[in-house]
Amino acid sequence: MTQRYFKAEGLVLRTRILGEADRVVTLLTWEEGKLEAVARGARKTKSKLAAGVDIFSYGRFTLYRGKTWPVITGQDSIEHFPWFRENPEKYHYGLYMAELIDRLVSGEEPCTEICRLLLDGWRLLGEDTDRAMLCRAFELKLAAAAGYYPHLHSCANCGSETTEVFSPRQGGLLCCRCQGAEVIKVDPGTVALARRLIEAPLSQTGLIHPSARQREELARLTAAFLAYHLDLGEIKSRRLLSE
Ligand SMILES: [Zn+2]
């Protein structure tokens, strides 16, 4: 029998208004994956729940399985990310990370790796870091966590170690014999950069100092790779990022 009350620890990805006083909150939780829940009265100024169900909240939620949506009955805050209130640029990056995950994760199944990635990403945005590189590392790691690992060691088609271009459709590098249409020219330095961003912990992205050309190529490569494989549609907050 399913328990009617349950607890879940998670991060608020998004909220939207529901009727006069309520909010629908999209949570990414360690235990239950992504879920939508109603916070009754959360739009009222006296609501105890209001602050705890805002975007960028991280807390322990008590929920009740209602007829349609789970209902949030309580929240204990675990961690705050004050920089999102203080700095519009950080806010937009944090929002972009949340929106990407909201689009990518669909079901209610545990997604520990993605929870960890978002928590690390939001924490690192509080530091004085290279936000564009942090974002690229986040995108590549998120794609890998969703099962899309770009093929960056040899030609994705024939295995040749001399590669020329990146093909979003083939999901990796191609050599001069295998390359077809719609490929992106990439410098070996950019390939090494992408590999390092996927393999190194997110916290180490600030130690990498790529050239302007590598940054530009990497941005094109990741955007095309994500657009092709992850079917994300338009990510509204992407426009707001300063690259
Ligand atoms: Zn080839």
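Let me begin with two strands, E6 and E7, which pair in the antiparallel sense over three bridges, and within that pairing Phe166 has Leu173 in E7 as its bridge partner. Before going further, I should say that this is a predicted model. The two strands belong to an open sheet of three, ordered E7-E6-E8, with antiparallel pairing. E7 and E8 stand at the edges and have a single partner strand each, so one side of each is left without a neighbour in the sheet.

That brings me to the zinc ion, which is coordinated by the SG atoms of Cys155, Cys158, Cys175 and Cys178, at 2.3 to 2.4 Å. Along the sequence, these donor residues follow the spacing C-x2-C-x16-C-x2-C. Two of the donors show how the site links distant parts of the chain: Cys158 sits in the loop between helix H4 (131–145) and strand E6 (165–167), while Cys178 sits in the loop between strand E7 (172–174) and strand E8 (184–185), 20 residues apart.

What is the geometry of the four donor atoms around the zinc ion? The angles they subtend run from 102 to 118 degrees, and the arrangement is therefore tetrahedral. For reference, the ideal angle for four tetrahedral donors is 109.5 degrees.

As for accessibility, Cys158 has a relative accessibility of 42% and so counts as partly exposed, whereas Cys178, at 19%, counts as buried, and since the cut-off for buried is under 20%, I would quote that label together with its value.

Let me turn now to the strands earlier in the chain. E1 pairs with strand E2 (residues 22–29) in the antiparallel sense over eight bridges, and here Leu18 stands opposite Asp22 in E2. The two strands form a hairpin with three residues between them, and Gly19, in the turn, has a positive phi of about 65 degrees. E1 also pairs with strand E4 (residues 58–65), again in the antiparallel sense, over seven bridges, with Gly10 standing opposite Gly59 in E4.

Finally, the largest pocket, which holds about 650 Å³ of space. Two or more lining residues come from each of strand E1 (5–18), strand E5 (70–79), helix H1 (83–86) and helix H2 (88–104), and H2 gives the most, with six. The lining has 26 residues in total, and those nearest the centre of the pocket are Asp54, Ile55, Phe56, Ser57 and Tyr91. Sorted by class, the lining comprises eleven nonpolar, six polar and nine charged residues.

How values were computed. Residues are numbered from 1 along each chain as its sequence is written. This is a predicted model: local features need pLDDT of at least 70, side-chain atom pairs count only at pLDDT 80 or more; totals for chains, interfaces and linings use all residues. Side-chain values use heavy atoms; hydrogens and water are left out. On a 1 Å grid over the protein atoms alone, a cavity is a set of points where a 1.4 Å probe fits but cannot get out, and a pocket is an open set with protein on both sides within 12 Å along at least five of seven lines; lining residues have an atom within 4 Å of a point. Grid points are joined across faces, edges and corners, and a volume is the space filled by probe spheres set on the points. Helices (H or I, at least four residues) and strands (E, at least two) are DSSP runs, numbered from the N terminus. Ala, Val, Leu, Ile, Met, Phe, Trp, Tyr, Cys and Pro count as nonpolar, Asp, Glu, Lys and Arg as charged, and the others, Gly among them, as polar. Donors are N, O and S atoms within 2.8 Å of the metal (3.2 Å for Na, K and Ca); water is not among the atoms, so sites may look incomplete. Four donors count as tetrahedral if all angles lie between 85 and 135 degrees; four count as square planar and six as octahedral if opposite donors are over 155 degrees apart and all others between 65 and 115; anything else is irregular. Buried means under 20% relative accessible area, exposed over 50%, partly exposed in between (1.4 Å probe, protein chains only). Two strands pair if DSSP finds at least two bridges between them.
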